[in-house]
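Visitor: Please take one part of this model and look at it closely, at the level of side chains and their contacts. Then place that part in the rest of the chain.

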Amino acid sequence: MPTQPSIKPHYSDTLGYKRYLLLERSFSANTVDAYIRDVEKMLEYFSASGVDYKRAKLEDFNAFLIEIGSMGIAARSQARILSGIKQFYKYLVMEDIIADSQADLIETPKLSRHLPSVLSVEEIDAMKSVIDLSKPEGHRNRAIIETLYSCGLRVSELVGLKISNVFFDEMYVKVEGKGSKQRLIPISQTAVNEIKNYLPWRRCLAVQPGNQDFMFLNRRGAQMTRQMVFIIIKQCAKDAGIKVQLSPHTLRHSFATHLLEGGANLRAIQQMLGHESILTTEIYTHISMENLRNTITEFHPRGKI
């Protein structure tokens, strides 16, 4: 008779951890899957090394980090893996599966501060201007670019935007961000105009069942994918002669940076971006400082090298 596959000793703990992340922490399915994969890597390493994961010491965790570092995994990815591991051990302590944990003693790898690319208003206008409005999807693509930039949306928030959540008269949109948290964001008149130019084409589509309320649809009348928006943005940038590597998130970075440079309050920007921590929003102060430094270098007599 064929033998039944053995159940891994940690299976019930990782299954419970997955439920905890989904239901209590409200993490997205993608984030949860990434955390579970990372924890599984560690558990497999511990198993191969003869370490009981419920009794793991600081030196065991450090050995695992050395192992993944030797595999060429970058510091940023190591930090993400470590975040999932710490969450896992917090869950084990909280559920009284273990009495205590040394996971919180692990030092996070040093990360270099990455300053994202930012487009100028002229570059964004250039991306819109190269769109061929004689094509059926032309006005849709212009509306996508303007909505991303004017509202600072994540690409997932854009493709999930509902018509019923765009309030044209009141000039704001309601979006659902990470952790299913909703927020209200003002929308510019330019974005409203672009959306209204797009809506007649949308009304001509044979909308697929279940997609009636999504604002941005593909030619088949279905909700657009994140990948399709990436393709549109990259193609428009290429056609406009923009050389920097960019993505839909670049428009979100540009939204925040231009607000800060215009004098907006950092807390207000945090609220509009949907950042849980002000520390995440503070990266834009580094971008603005970099811009100021470049201005001094270029134009001030003491800035010349």
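Guide: Leaving out residues up to four places away in sequence, Gln87 touches Tyr17, Tyr20, Arg25 and Tyr35. This is a predicted model, and what follows describes that prediction. Gln87 sits in helix α4, which covers residues 75-94. Its relative accessible area is 13%, and because the cut-off for buried is under 20%, Gln87 counts as buried. One of the touching residues, Arg25, also makes a polar contact with Gln87: the two side chains come to 2.9 Å.

A buried polar residue can also be found in a loop. Asn218 lies between α8 (189-203) and α9 (226-239). At a relative accessible area of 12%, Asn218 is buried. The side chain of Asn218 reaches a backbone atom, the nitrogen of Arg220, at 2.9 Å. Setting aside neighbours within four places in sequence, the contacts of Asn218 are Arg140, Trp201, Leu205, Gln223 and Met224.

Helix α10 offers another polar case. Thr257 belongs to this helix, which spans residues 248-261. Thr257 has a relative accessible area of 0% and is therefore buried. A polar atom of the Thr257 side chain lies 2.8 Å from the backbone oxygen of His253. Thr257 also shows how the chain brings remote positions together: Leu119 is 138 residues away in sequence, while the C-alpha atoms of the pair are 9.4 Å apart.

The helix around Thr257 is mostly covered, with 10 of its 14 residues buried. The buried set is made up of Pro248, Thr250, Leu251, Arg252, His253, Ser254, Phe255, Ala256, Thr257 and Leu260. His253, whose backbone oxygen lies 2.8 Å from the Thr257 side chain, is thus itself among the buried residues of α10. The length of α10 can be checked as well. At 1.5 Å a residue, its 14 residues should span 20 Å, and the C-alpha atoms at its ends are 21 Å apart, so the two values agree. Just after the helix, Gly263 takes a positive phi of about 105°.

Now the strands. The sheet is open, has three strands in the order β1-β2-β3, and pairs them antiparallel. Its edge strands are β1 (166-167) and β3 (182-186), each of which pairs on one side only. In general, strands of a sheet pair through backbone hydrogen bonds, either parallel or antiparallel. Strand β2 (residues 172-176) runs antiparallel to β3 and is joined to it by five bridges. Among the facing positions, Tyr172 stands opposite Pro186 in β3, and Glu176 has Gln182 as its bridge partner. The two strands form a hairpin with five residues between them, and Gly179 in that turn has a positive phi of about 70°.

Side chains alternate along β3. Arg183 and Ile185 point to one face and are buried, whereas Gln182, Leu184 and Pro186 point to the other and are not buried. Of the partners just named, Gln182 faces Glu176 and Pro186 faces Tyr172; in β3, both Gln182 and Pro186 are on the face that is not buried.

For the cysteines, the structure holds zero disulfides. Cys151 is buried, at a relative accessible area of 0%. Cys236 also counts as buried, because its relative accessibility of 7% is under the 20% cut-off.

The wider chain gives these local pictures their setting. The protein chain has 13 helices and three strands. Of its 305 residues, 41% count as buried. Among contacts with a separation of 6 or more, 56% are between residues 24 or more positions apart.

Confidence should be kept in view. The mean pLDDT of the protein chain is 85, and 85% of its residues reach 70 or more. Residues 1-7 have a pLDDT below 50, and this stretch makes zero contacts in the model beyond near neighbours in sequence.

Definitions and conventions:
Residues are numbered from 1 along each chain as its sequence is written. This is a predicted model: local features need pLDDT of at least 70, side-chain atom pairs count only at pLDDT 80 or more; totals for chains, interfaces and linings use all residues. Side-chain values use heavy atoms; hydrogens and water are left out. Helices (H or I, at least four residues) and strands (E, at least two) are DSSP runs, numbered from the N terminus. Buried means under 20% relative accessible area, exposed over 50%, partly exposed in between (1.4 Å probe, protein chains only). A polar contact is a pair of N or O atoms within 3.5 Å; within protein, one must be able to donate a hydrogen and the other to accept it, and residues adjacent in sequence count only if both atoms are side-chain atoms. Two strands pair if DSSP finds at least two bridges between them. pLDDT is the predictor's confidence in each residue, from 0 to 100. Contact means heavy atoms within 4.5 Å. A disulfide is a pair of cysteine sulfur atoms within 2.5 Å. The expected span of a helix is 1.5 Å times one less than its number of residues.
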